[in-house]
Structures are given as C-alpha cells and as structure tokens.
Amino acid sequence: MSALFGTAVAVEAQKALASRVMISIAALVVGGIAVLSVGMLLGAATGDEQILAKMGPLAGVGGWAGLVGVVAQITAAGGVVAFGVALSWMFGREFADGTVGGLFALPVRRSTIALAKLTVYFMWAVGVAILLAAVVAVIGLALGYGSTDATGLGELVRIPVLVVLTALLCVPAAWVATIGRGLLPGIGATVVLVVIAQVFAVIGIGEWVPLVAPALWAITPDAVPVASLFLVPSVPLAFGVLCALAWSRLQLDR
Amino acid sequence: MSAPVQRLDVRGIVREFSGGAGVHGIDLAIAPGEIHAIVGLNGAGKTTLMRLVLGMLRPEAGTVSIDGVHLHDAPAALWAGVGQLVEHPLAYAELDGRSNLVVAARLHGIGRRHAGEVADRAIAEFDLARYAEVRASRLSLGNLQRVGLAAALQHEPRLVVLDEPTNALDPAGVILLREALLRRAAAGAGILVSSHHLDEVARIADRITVINAGRAIGALDPAGIDLERAFFAMLHADDLERPAA
C-alpha cells in the first residue's frame, strides 16, 4: 500500500505541476487577494464609506492586525471558491476528459488514487498559504508596518492557518465532483459551501460551526475560541473517507 | 490432468440496464496465447462485456476470473498483469507523450527506475518518437490512440482487453498494432479485442465470437471466405428467433 500510495502521489503531483490550472489558481488567489486587500486599505484610508462599511469591525484597526484582518475577510470567501474549483478540477477532470476508464484495472487502487489527489491538493494548499503570507508580509513592510507596528508582526500567522483550514473545508467539493461525475457538480458544491458559511455568519452562530469558525477567528481572533478550530479537520476527514469510498465503489454506468 | 488455467474465464455474466440493454448471460474464455475477437453491431453489448471483465461495472450474476482468480476476491496486484483500452486512452492533456507513458507504466506497478526504459521501448514500438515531447492536448486523435495503446501494452500484460483499438488509427498504426498483439500472443498473453471490422479481426484472431443484443450468438471462422455474409446471416437468424423465445 505505502509504495503504491507514493506512486499515486508522484503521478498526481506530476499532473498538477504540468497543468496550468493549479498554478493559475494559486496565482489568482495570491495576486487577487493582495490587490483587493491593498485596494480596501487605500479606500479606507481615503475615508470611502462603502469600503469602511464592508470592513465592519476592522475599519478602525490599523497596522498588521488591520492588514491581516482585511486579507482574512477576502480569503474567507474567495479562498473557498478558489480551493473548491481546484478540487473540482482535480477530481472532476478524470470524468470530463474520459481518463477515469484508465484508472480501472490497475494495481493501484482507485481509493488510493483519490487519497493521493487529496494529499497533493493539501501540499499545494500549504504552498499557497506560505506564498500568500509572504506576499502580505511584503505589503505590510511596504506600508511601513515594520517600524510603526513591529510587535504586531505575529498577526501574520493567522493567514497561513486560515488558508490551510479553508482548503480543508473544501474537501466536500471533491466528493460531489466524484458522485456527480464532473467539474460542475463540484463547483456547485463550492457555491453551496460559501452560501452556508455566509448564512451561519449572518445569523451569528458560526463560532462552533467548522465551515465558519476559521474565517471568524482570522478576522476577529478574540470572538472565537481556538478550540473550535480543532473541529475543522472533521470535515476533510469525513469527506475524505466518503471520497475514497466513492472511488473504490465507482462504476462506469452513466 | 487438470485443464489449463485460462487467461480470462467469463461465465454467465449478466448486467442489465433499463430499456433492455446490457449483457444477458455471456460465457467467454481466452487461453494463453489466444486472440479472441468479439464482433457485433453498435449497442450489442461488447463494451459492457469488456467493462465487466475489467471491474468497471459489477455484474448482477455470473463470474469473471483472470488467471484463475475470481475478480471479487482478486488482490489489486492481479491487475498489474492486465492492459486495457476501453473508449478513452489514458493520456492526460497536460503531459507529453513520454510522460503519459511513464505515468501509465508507474500506475501499472513498474518502479520509478524502470518506467522510463519501458516508456522508451513503447515509443520505439509504436513509432511515437516525434510525439514523445508533444503535449497530448496537441496530438491528433490517431496519435492519441497510439499513446493509449502503447500505455495499455508496454508493461507486457498477460491479459489484454482492447475495445475498438483501431479507431482513428492510420493504416501504418493498424499494422503496428496488429504486430504488437501477435508478438504478445506469441509470448503467452491472452487478448480480447472488439471490432466492427471483420476483415481486420480475421487477420489476427484465433476465434471470433458474435455478440448480439447482449448475448453470444455464435462463432465465425477467421479463415472463412465471406465473413460479412456469415455475420449478417447469424444476426438475422438471431433477431428472428429472439422475440419468439
């Protein structure tokens, strides 16, 4: 099992590296969030009331905490979409491209291939998290927070934690892409994840809901008990098992 | 003395779909070194039969054994000795020809050190050198099919299952495939191949089974003179007989 799992991971990593999809999504996530964050901060600095309203409790927060809060606010929604699309592509493309037939009758089990896909996805998400944190650090230093708010630098750690937790929460998209046999069902599931998270956040019961807790914590750390973040892995674990089962039981009957 | 173990042994296999399509109880065997062709019209059940053999569909009744091992208790390692191409080739658009072959070799259990050599041999055998560094997304359908066939055969499987393998191939590709299958059969592989083209299968097949409406209705003699006539006569007789049955 372990040798063939390594093989499956190597194959999936080769596909992900060769594809423009994963690199493009990473660039869009990091570049898009950076540009939007700087735009919001500049808008807030000029006193734009609409932007100040969107920033909510972050409007009066400056320095690293303000920057990280704004980045977290954008990442919480935009990140789910980006990671959901990435997972939908990784799983759904095998059906859309017809390559799924070639994944039968192999000594590598299909459940192993599914877990390898999730592993490569996780490694990619960690890379995106580190890259985004590095870019935000550069933005913060460029804005002068290195000297004006040197003690606030530790706030940056919230970014990679939020990105990785957000990526983990998108695993249901992989399962839906599998049972729906394509990219679109996975993307549809991603939209549903965003809507659910928004609804829970709006009605204010999100701090113990895994889908919402990381975003609330990253935007306003004091409002969410850190223990609630430990519930987040339950989502990828449950849906990772469902994914492996779905691939194991897969039939080409549609 | 016990009977020799068949490369493939299908008994009473059933998988039915709504509307009456599917496979309704087919027996089929392939001995080591034998090329067994199945022929039939579109929708006869050839692809469904192959999918059942390869575990892509689960049967409602009947059994499939490969090298004497029943599929439902077969270890995953059994599949290392099987090569298949049913419908789409295992070729990822973002990888070039050689990388696709290396990926296929590795998924068939070939170690990292040897996968490159295996792919290079397949590139030579299927005359793919010009396309080795071309992304699959830029390959013609025929060359994509060649990559898929090379991926299915390069690990020297003991059982080969190919559905309409000459689809999109040019005449040179058809000859390369024919020679590749004859070489593997001579080395002891069992080969199951489906086709619409009777002349083509008659050139290499040891046995030809006619499939109609999800059942095996008879055999054609590969050395026969007018295969087409015999084929349609068999279908016609079966179609007349079936509603009364």
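Strands here are DSSP runs of type E with at least two residues, numbered from the N terminus, and two of them count as paired if DSSP finds at least two bridges between them. With that in hand, welcome to a predicted model in which chain B offers two open sheets to explore: one of four strands and one of six. An unreviewed UniProt entry annotates residues 8–238 of chain B as "domain: ABC transporter". That span is 35% helix and 25% strand, and its end C-alpha atoms lie 26 Å apart.

**The four-stranded sheet of chain B**

- The strand order is 2-1-4-5, with antiparallel pairing.
- Strand 2 (22–30) and strand 5 each have a single partner strand and stand at the edges, so one side of each has no neighbour in the sheet.
- Strand 1 and strand 2 run antiparallel and are joined by seven bridges; Val10(B) has Leu28(B) in strand 2 as its bridge partner.
- Strand 1 (residues 8–16) also pairs with strand 4 (residues 61–66), in the antiparallel sense and over five bridges. Here Arg11(B) is matched with Thr63(B) in strand 4.

**The hairpin of strands 4 and 5**

- Two bridges link strand 4 to strand 5 (residues 69–70), again in the antiparallel sense, and Ile66(B) stands opposite Val69(B).
- The two strands form a hairpin with two residues between them. In the turn, Asp67(B) has a positive phi of about 50°.

**The six-stranded sheet of chain B**

- This open sheet has the order 6-7-8-3-9-10 and mixed pairing.
- At its edges stand strand 6 (82–85) and strand 10 (215–220); each has a single partner strand, so one side of each is left without a neighbour in the sheet.
- From one strand to the next, the twist averages 20°.
- Strand 6 and strand 7 (residues 159–163) pair in the parallel sense over four bridges, with Leu162(B) in strand 7 as the bridge partner of Leu85(B).

**Helices lying across strands of chain B**

- Helix 1 (residues 46–53) lies across strand 3 (35–39), strand 7, strand 8 (190–195) and strand 9 (207–212), and runs at about 150° to strand 7.
- Helix 5 (residues 171–186) lies across strand 3, strand 7 and strand 8, and runs at about 150° to strand 8.

**Where chains A and B meet**

- Chain A brings 20 residues to the contact and chain B brings 26 residues.
- On the side of chain A that touches chain B, eight residues are nonpolar, eight are polar and four are charged.

How values were computed
Residues numbered from 1 in each chain as written. Chains lettered and ligands numbered in written order. Predicted model: local features only at pLDDT ≥ 70, side-chain atom pairs only at ≥ 80, totals over all residues. UniProt positions renumbered as here; feature names shortened; annotations may be inferred. Contact = placed C-beta atoms within 7 Å. Nonpolar A, V, L, I, M, F, W, Y, C, P; charged D, E, K, R; others polar. Axes fitted to C-alpha atoms, helices over the stretch in contact; angles between N-to-C directions.
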